[in-house]
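Welcome, and please have your viewer ready. This tour goes from one selection to the next, with a short note on what is there at each stop.

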Amino acid sequence: MSKFCLALVTVVVFSFSSGAVFAAEKQVSPKFLTIGNGVGGPHTCQLSWKTDKPTRATVYYGDTIFLDKEYDITTYKQDHVAVIKGLKPFSSYYYQVKVSDETGNVAYSDGGTFGTTHEGYPEAD
């Protein structure tokens, strides 16, 4: 019976120490500091946001909640601007932004909407 108790104590100590090491290695996901409203024209929309550390990004968007299109920003930076082209005039779109830092930590923005203008208005640059 004493062998069983000794083995149990060893397992508890090992489990505690490995948990402490794991907690020290925990990575922190990037955070969105700002995300602006979309500014656009009849066929484009410009979205902008800022993160607390350099990230690359993917904007998922579509004219339904099934965000079926993507716009990628592959360089790591904190201030992002995405100019989405090829949109339909006078239409509403849904979007969500995914960012990832250089160590692979990921964060998602809240979902949002943007709209395009009538023909004849200037395009976003």
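## Stop one: Asp63 and its partner

Start by selecting Asp63, which counts as partly exposed because its relative accessibility is 34%; buried means under 20% relative accessible area, exposed over 50%, and partly exposed in between (1.4 Å probe, protein chains only). Before you go on, note that this is a predicted model in which local features need pLDDT of at least 70 and side-chain atom pairs count only at pLDDT 80 or more, while totals for chains, interfaces and linings use all residues. Residues are numbered from 1 along each chain as its sequence is written, and side-chain values use heavy atoms, with hydrogens and water left out.

Now add Lys88, which forms a salt bridge with Asp63, the closest N and O atoms being 2.7 Å apart. Lys88 sits in the loop between S4 and S5 and Asp63 in the loop between S3 and S4, so the pair links distant parts of the chain, 25 residues apart. Lys88 is partly exposed, with a relative accessible area of 43%. A salt bridge here is a side-chain nitrogen of Lys or Arg within 4 Å of a carboxyl oxygen of Asp or Glu, and by this rule the count comes to 4 salt bridges. Strands (E, at least two residues) and helices (H or I, at least four) are DSSP runs, numbered from the N terminus.

## Stop two: two lysines on S3

Which residue forms a salt bridge with Lys53? Select Asp101: the closest N and O atoms of this pair are 2.9 Å apart. Lys53 is in strand S3 and Asp101 in the loop between strand S5 (92–100) and strand S6 (106–108), 48 residues apart. Asp101 counts as buried at 5% relative accessibility, whereas Lys53 counts as partly exposed at 24%.

Next, select Lys50 and Asp79, a salt bridge whose closest N and O atoms are 4.0 Å apart. Asp79 lies in strand S4 (residues 69–85) and Lys50 in strand S3 (residues 44–62), so the pair ties together parts that are 29 residues apart in sequence. Lys50 counts as partly exposed, at 34% relative accessibility.

## Stop three: the nonpolar core

Select Leu47, Trp49, Val59, Tyr61 and Phe114: of the 16 residues in the largest nonpolar core, these touch the most other members. Such a core is a set of buried Ala, Val, Leu, Ile, Met, Phe, Trp, Tyr and Cys residues joined through side-chain atoms within 4.5 Å. S3, S4 and S5 each supply at least two residues of this core, and the largest share, 6 residues, comes from S3.

Centre on Phe114 and leave aside its neighbours within four places in sequence; its contacts (heavy atoms within 4.5 Å) include Gly38, Cys45, Ile84, Leu87 and Tyr95.

Thr44 is in strand S3 and counts as buried at 7% relative accessibility. With the same neighbours left aside, Thr44 is in contact with residues including Lys85, Thr116, Glu123 and Ala124.

## Stop four: out to the surface

Select Phe66, in the loop between S3 and S4, which counts as exposed at 65% relative accessibility. Adding Ile65 and Tyr94 completes a nonpolar surface patch with about 370 Å² of accessible area together.

Finish at Phe90, in the loop between S4 and S5. Phe90 counts as exposed at 58% relative accessibility, and its phi is near 50 degrees, a positive value in a residue other than glycine. Most residues other than glycine have a negative phi.

Conventions:
Patches are made of residues with over 30% relative accessible area and no salt bridge: like charges are joined within 9 Å, nonpolar side chains (Val, Leu, Ile, Met, Phe, Trp, Tyr) within 5 Å. Accessible areas come from the Shrake-Rupley method with a 1.4 Å probe; for residues, only the protein chains shown count as cover.
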